[in-house]
Amino acid sequence: MIRELTYNNRILSEQERAEFYKESDKYINEFSECIEGICQLAKEVSKSENSDYNKITNTVINISIFTSYSFCDCIVLTKLFVRATNPYEKSFLRGKLKVQLNESFKKLYGFNKKAYKDSYCAQLENIITMFPVFRNEFDELLLDLELISKDSWWKDERDAEVHIDAAKLYELRHEEINESKVAMEAVRLIDLFNRFNHITAEMHRTLLNHMIARYVKEKGILRP
């Protein structure tokens, strides 16, 4: 379930900040390496002659690449936001983080039924029936995404940043920053990208195991 947000306005200690940077670096390194692995896998899939396998795998791969990039980008911006000490730099990074969260969420789920049809969630929903073991996990994730889609708290800031609305930007850049609020809202969405990554990784592992088992059976290969 989606985490409840309670803003305690607490300021991190230097030790806590150092730990946050360390954890951020760990995730950035891990997921950036995953992206390279997934892209290499995509090249191998294109060589396969099994069209059904290609169709399903390409869907899973495309979603995995998107969510991995979104996850990494949001982690990087959150880390930079927490590290920033200059007030203008901090407000600038808050704006860029909200843009990234907005655009990533729009691609992942969308803010209305029309946008959902073109989302990565809709693509995954088209093949999830082939993986019934993940249906409950996927449905729970959809409920959380739907809940967040009704609360577009980042939209005004995103619009001002993207369209360079000078008057609105002046207002936002001089707004008092609640570091706890910004970080917790970001982490809530980052968690969703991570959960999506988990589902797609497990789905591909299941699909690959199925294809290997079928190949072994068709070729009459005896396992040791």
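User: What links Phe105, Tyr109, Phe111 and Tyr116 into a cluster?

Analyst: In this predicted model, the four residues are joined into a cluster by ring pairs.

User: How many aromatic pairs does the structure hold?

Analyst: There are 7 aromatic pairs in the structure. One of them is formed by Tyr27 and Phe71, with ring centres 5.8 Å apart and 75° between the planes.

User: Why is the pair of Tyr27 and Phe71 called edge-to-face?

Analyst: The centre-to-centre value of 5.8 Å lies within the 6.5 Å limit for a pair. The angle of 75° is over 60 degrees, so the pair counts as edge-to-face.

User: What parts of the chain does the pair of Tyr27 and Phe71 link?

Analyst: The pair links distant parts of the chain: Tyr27 belongs to helix α1 (residues 14–45) and Phe71 to helix α2 (residues 51–83), with their positions 44 residues apart in sequence.

User: Are Tyr27 and Phe71 buried or exposed?

Analyst: Tyr27 has a relative accessible area of 29%, which makes it partly exposed, since that class runs between 20% and 50%. Phe71 is at 2%, under the 20% cut-off, and is therefore buried.

User: What makes the pair of Phe105 and Tyr109 tilted?

Analyst: Phe105 and Tyr109 have 50° between their planes and a centre-to-centre value of 6.0 Å. An angle under 30 degrees would be stacked and one over 60 edge-to-face, so 50° falls in the remaining class, tilted. Both residues fall under the 20% cut-off for burial: Phe105 has 1% relative accessibility and Tyr109 has 12%.

User: How do you know that a charge sits over the ring of Tyr27?

Analyst: The charged end of Lys26 is 5.3 Å from the centre of that ring, and the distance limit is 6 Å. The charged end of Arg83 likewise sits over the ring of Tyr21, at 5.2 Å from its centre.

User: How many disulfides does the structure hold?

Analyst: The count of disulfides is 0. A disulfide would need a pair of cysteine sulfur atoms within 2.5 Å, so a count of 0 says that no pair meets that limit. Of the cysteines, Cys72 is buried at 8% relative accessibility, and Cys121 is buried at 0%.

User: Which residues touch the most other members of the largest nonpolar core?

Analyst: They are Cys121, Leu124, Leu145, Phe196 and Met203, in a core of 46 residues. Two or more residues come from each of α1, α2, α3 (87–108), α5 (120–127), α6 (135–149) and α9 (179–219). Helix α2 gives the largest share, 11 residues. Apart from neighbours within four places in sequence, Phe196 contacts Ile63, Thr67, Leu108, Cys121, Leu124, Phe138, Leu141 and Leu145.

User: Why is Arg173 called buried?

Analyst: Arg173 has 14% relative accessibility, and the class begins under 20%, so the label applies. The residue is in helix α8 (residues 166–173).

User: What makes the link between Arg173 and Glu161 a polar contact?

Analyst: The two side chains are 3.0 Å apart, against a limit of 3.5 Å between N or O atoms. With residues up to four places away in sequence left out, Arg173 touches Tyr88, Ser91, Phe92 and Glu161.

User: What is noted about the phi of Ile164?

Analyst: Ile164 is not a glycine, yet its phi is positive, about 50°. Ile164 lies in the loop between α7 (155–162) and α8. Its relative accessibility of 64% is over 50%, so Ile164 counts as exposed.

User: Why is Asp151 called partly exposed?

Analyst: Asp151 has 41% relative accessibility, which is between the 20% and 50% cut-offs, so neither of the other labels applies. Asp151 is in the loop between α6 and α7. Its C-alpha atom is 9.1 Å from that of Phe111, 40 residues away along the chain.

User: How many helices and strands does the chain have?

Analyst: The chain has 9 helices and 0 strands. Of its 224 residues, 42% are buried. Among contacts between residues at least 6 apart in sequence, 77% join residues at least 24 apart.

Conventions. Residues numbered from 1 in each chain as written. Predicted model: local features only at pLDDT ≥ 70, side-chain atom pairs only at ≥ 80, totals over all residues. Heavy atoms only, no water. Helix = DSSP H or I, 4+ residues; strand = E, 2+ residues; numbered from the N terminus. Buried < 20%, exposed > 50% of the residue type's maximum accessible area, 1.4 Å probe, protein only. Lys NZ or Arg CZ within 6 Å of the ring centre and 35° of its normal. Polar contact = N/O pair within 3.5 Å; in protein donor to acceptor, adjacent residues only side chain to side chain. Contact = heavy atoms within 4.5 Å. Core = buried A, V, L, I, M, F, W, Y, C linked by side-chain atoms within 4.5 Å.
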